Structure formats: C-alpha cells, structure tokens
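Hi everyone, thanks for coming. Please take a moment to look at the sequence and the structure on the screen, and then we'll walk through it together.

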Amino acid sequence: MIRVGVVGYGTIGSRVADAVRSQSDMKLVGVVKPTPDYRAEIAVSLRGVRFFAPSEGGLRAWRERGLPIHGTLDDLLREVDVVVDTTPGGKGRGMRDTYESTGVKAIFQGGEPPDVAEVSFVAQVNYDAARGRRFVRVVSCNTTGLARLLYALDREFGVERAIVTLVRRAADPKEVKKGPIDALVPDPPRIPSHHGPDLQTVVPGLNVITMAVKAPTTHSHVHSLAVKLGRETSREDVLGMLSSERRIVLVSAASGFRSTADVLDIGRELGRPRADIYENVVWADSVSVNGRWLYLFQAIHQEAIVIPENIDAIRAIATDLSAERSMDLTDASLGVKSGRIFRPP
Ligand code: NAD
C-alpha cells in the first residue's frame, strides 16, 4: 500500500485526494490545508479526510472552528511515502527543500518550473522515465492534452511540424478574483507561448509552435491544431487511430456536442465526480486531412485532465508496476474512457 499525502486542497489537490482514495493500492494518509473552510468540513464529514496545517501557527484556526486537525505538514511527511504538492503555481518550488530533507518522494504540478523535478511527466508518453525517481512534475493541463495527442500522432504517422492555437479558459469556476472579464487576451502576447517549450520537456524534439488567447469562460480550453504529418494518410486512418488511443474520446456535433459547455454537461450527465472529464475531447467533425496536413479541434477540461497523470506518477516513482498496468488501474478506478463515447453520425 503506497502511503500518500496531498499538500494543498484547491482545484487539483481536492481531486487528487479523492482519486488517491479510490485506488486499491494507495492510502490517503492526509491533506495539508491552510484554511478550515466549508470544503474542509465536507471532506471531513463525508470522506473522512485527515487534515494537517502547514505549520504550528495554523493549528489554532482549525481548533477554533471545531474541526479535527491531525498535526502539521512535518507530521504528515513522517507518515507518507509520496507527497503530491498541489500548492499554487510557483510555491511548490519553495517546498522542495522540506520534502527533500524528510526523504519522501514528491510530485509537483505544471505551475512549477521544469527544473523543480527530474522528469516532466505524461503517463502515456514517458512513464518509464519517472520510474524510481525522487521528484516528478506532472505538466499543465494544456501540455498534458497536447502531449497525449501529438505523441500518438507522432508514433503512428510521424509529426514533422505542429502549429497549435490554444483558446484558454480565463479562470477556474471558483476564481472570482480573476473576473468578471469581457475580452479576448493574447496570453502571453508573444509568440510562441510557453506551451511549446513545455511540451518539449515531455516530447523532446517535437517541432511545435504554440499561440495562446485567454477567453472569458471557466470551463475548458480549446486547441486548434494544424499538423504536418511524416507521411500521407486518410481521415479514416486518423479517426481509427484516435478511436483506439487511451484517454482520448471522439465526439461529434451530430450527437449534440457543439461547445465546451457540453464538456461540462457530459461530465454531469455521466455522473462524474465534480463533472470531471479526464479525457482529451476531440471533435470527430473537425478531423480533416489534406495530403500530409491534419487539422482538428480538441477540448480539455483543465480541472481534471491531470488527475489520472498524478495517480500514474505516484505508481511510477513508488512501485515496479508497468505503465500499462498502472494506467489500467487508474482508468478503471476513475472510469476514464476512450474512443467514440456516443453513436457515430
Ligand atoms: P488552487 O489555488 O485551486 O489550490 C491551491 C491550494 O493550495 C489553495 O487552496 C491554497 O489554500 C493552498 N495552499 C497555499 N499554500 C499552502 C501551503 N503552504 N500548504 C498547503 N496548502 C497551501 O490551485 P490549483 O488550480 O489547484 O493549482 C495547483 C497547481 O496545479 C498549480 O501548479 C497549477 O499550475 C497546477 N494546475 C492547475 C490546473 C487548473 O486548471 N486549475 C490545471 C493543471 C495544473
């Protein structure tokens, strides 16, 4: 049984904590959270989560609220094999020394710089590179979605060049401080955006250029891709490959899937926890091939896509399980799908 601690209980941390709880080979020992708010109260009463404060000074607030608190970060680190750091982007870098001094292995998130860890990780691409490592970084939502897709295309057809425009959600639903907004923002205004170089930390040598625009929405990014393949192929062959690729699903406008609002809606209709969509969602309608050029749209649920990767990263650094076995376990426990999830038009 892998003993896991989670540091941070926001968008990613709360989901990682629940995903760890649903693995038969992992035990969620506890979660570090600064504030004893309603989310803590629900996690304690419905899920039996054990909370720890970041430091001694943080214990009082929990006691005053009458919520159980089991110690500090240092106490939690003594009880775990692996810690998953999900603190706000940039903060995990500062936490690394603490993890290093206690001997635990640690997983960081995409908001940290690549050099926070020995490996930048996407399970389908480079699980084996993370095996037995001490520090691993699960890359951002956009990088994860692009790495899954472009790695599969490269393996099957070769990718000579990829041109990607990312339309990014401006904020997560609970981030009221970032809104309201009424604009489309080139973000960053320079081209290429940082996403391409980040992608190359996972798929080295990939010839990719990325451009990003922030849009006033809270659920999902949309990626528009133009990919020059290594050889000529057909639309049918690309759809066939995508249909059998793990963690990628195909949807179509004919089945009612018209916008990112439907990403959220499908999550609700499927009864997924927090309406989460862990898969890349590719519009089959958009897949078109002209000679060696392939064009398509995909949607990425930013809050959820990295959750399976965090679970696989834990197994990669803490067990001898193969990539396929780990992903099988993760996908079965979370109900992750692949292929056409609705009748083809
Ligand atoms: P978040 O702000 O929702 O959650 C971070 C949590 O950490 C907050 O609840 C905060 O209270 C807590 N925290 C702050 N200092 C702490 C400390 N010292 N100890 C314990 N907890 C502390 O952030 P998030 O969106 O979950 O992002 C976390 C990481 O995941 C970032 O690196 C981010 O870039 C990455 N990421 C985010 C998304 C997304 O869409 N939200 C997607 C992929 C990756």
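Let me begin with a question: is R247 buried or exposed? Keep your guess in mind, and remember as we go that this is a predicted model.

Here is the answer. R247 counts as buried, because its relative accessibility is 0% and the cut-off for buried is under 20%. R247 sits in the loop between helix 9 and strand 12. Its backbone is interesting too: R247 is not a glycine, yet its phi is positive, about 65 degrees. For background, most residues other than glycine have a negative phi. We'll come back to R247 in a minute.

First, the overall layout. The protein chain is divided into two domains. Domain 1 takes in residues 2-138 together with 306-334, and domain 2 covers 141-305. Their C-alpha centres lie 26 Å apart.

How many residues of domain 1 are in contact with domain 2? There are 28, and they meet 22 residues of domain 2. The area buried between the two domains is about 2100 Å², with carbon and sulfur atoms giving 46% of it. On the domain 1 side, R15, Q124 and V125 lose the most area to domain 2, and together they make up 31% of what that side buries.

Now for the charged pairs. As a general idea, side chains of opposite charge can pair when their charged atoms come close. Across the interface of domain 1 and domain 2 there are 11 salt bridges, and also 18 residue pairs in polar contact. Which elements does domain 1 bring to this side? Those giving two or more residues are helix 1, helix 2, helix 6, helix 11 and helix 12. Helix 12 gives the most, with 6 residues. Sorted by class, this side of domain 1 has 11 nonpolar, 7 polar and 10 charged residues.

For the whole model, the count comes to 33 salt bridges. Let me show you a few of them. One is formed by D276 and R15, whose closest N and O atoms are 2.9 Å apart. D276 lies in the loop between helix 10 and strand 13, while R15 is in helix 1, so this pair ties together parts that are 261 residues apart in sequence. Both D276 and R15 are buried.

Next, find E309 and R148, whose side chains meet in a salt bridge at 2.6 Å, N to O. E309 is in helix 11 and R148 is in helix 7, so to speak two distant parts of the chain, 161 residues apart. E309 counts as buried at 0% relative accessibility, and R148 is buried as well, with a relative accessible area of 1%.

And here is R247 again, as promised. Its side chain meets that of D331 in a salt bridge of 2.8 Å, N to O. R247 is in a loop and D331 is in helix 12, so this pair ties together parts that are 84 residues apart in sequence. D331 counts as buried at 9% relative accessibility. Leaving aside residues up to four places away in sequence, D331 touches R246, R247 and V336.

R246 has a salt bridge of its own, with E324, where the closest N and O atoms are 2.8 Å apart. Which residues do shared partners join into one network? They are D25, R148, R246, R247, E309, D312, R315, E324, D328 and D331.

Let's go back to helix 1, where we met R15. How many of its 11 residues are buried? The number is 10, so to say that the helix is mostly covered is fair. The buried residues of helix 1 pack against strand 1, strand 2, helix 2, strand 4, helix 11 and helix 12.

To finish, a few backbone details. The peptide bond from D187 to P188 is cis, with omega near 5 degrees, and another cis bond joins I191 and P192, with omega about 5 degrees. P188 is found in the loop between strand 9 and helix 8, and so is P192. In general, most peptide bonds are trans. R274 also has a positive phi, near 55 degrees, in a residue other than glycine. R274 is partly exposed, with a relative accessible area of 31%.

Thanks for listening, everyone!

Conventions
Residues are numbered from 1 along each chain as its sequence is written. This is a predicted model: local features need pLDDT of at least 70, side-chain atom pairs count only at pLDDT 80 or more; totals for chains, interfaces and linings use all residues. Side-chain values use heavy atoms; hydrogens and water are left out. Domain bounds come from an automatic or database domain assignment. Contact means heavy atoms within 4.5 Å. Buried area is the accessible area (1.4 Å probe) that two parts lose on being put together, summed over both. A salt bridge is a side-chain nitrogen of Lys or Arg within 4 Å of a carboxyl oxygen of Asp or Glu. A polar contact is a pair of N or O atoms within 3.5 Å; within protein, one must be able to donate a hydrogen and the other to accept it, and residues adjacent in sequence count only if both atoms are side-chain atoms. Helices (H or I, at least four residues) and strands (E, at least two) are DSSP runs, numbered from the N terminus. Ala, Val, Leu, Ile, Met, Phe, Trp, Tyr, Cys and Pro count as nonpolar, Asp, Glu, Lys and Arg as charged, and the others, Gly among them, as polar. Buried means under 20% relative accessible area, exposed over 50%, partly exposed in between (1.4 Å probe, protein chains only).
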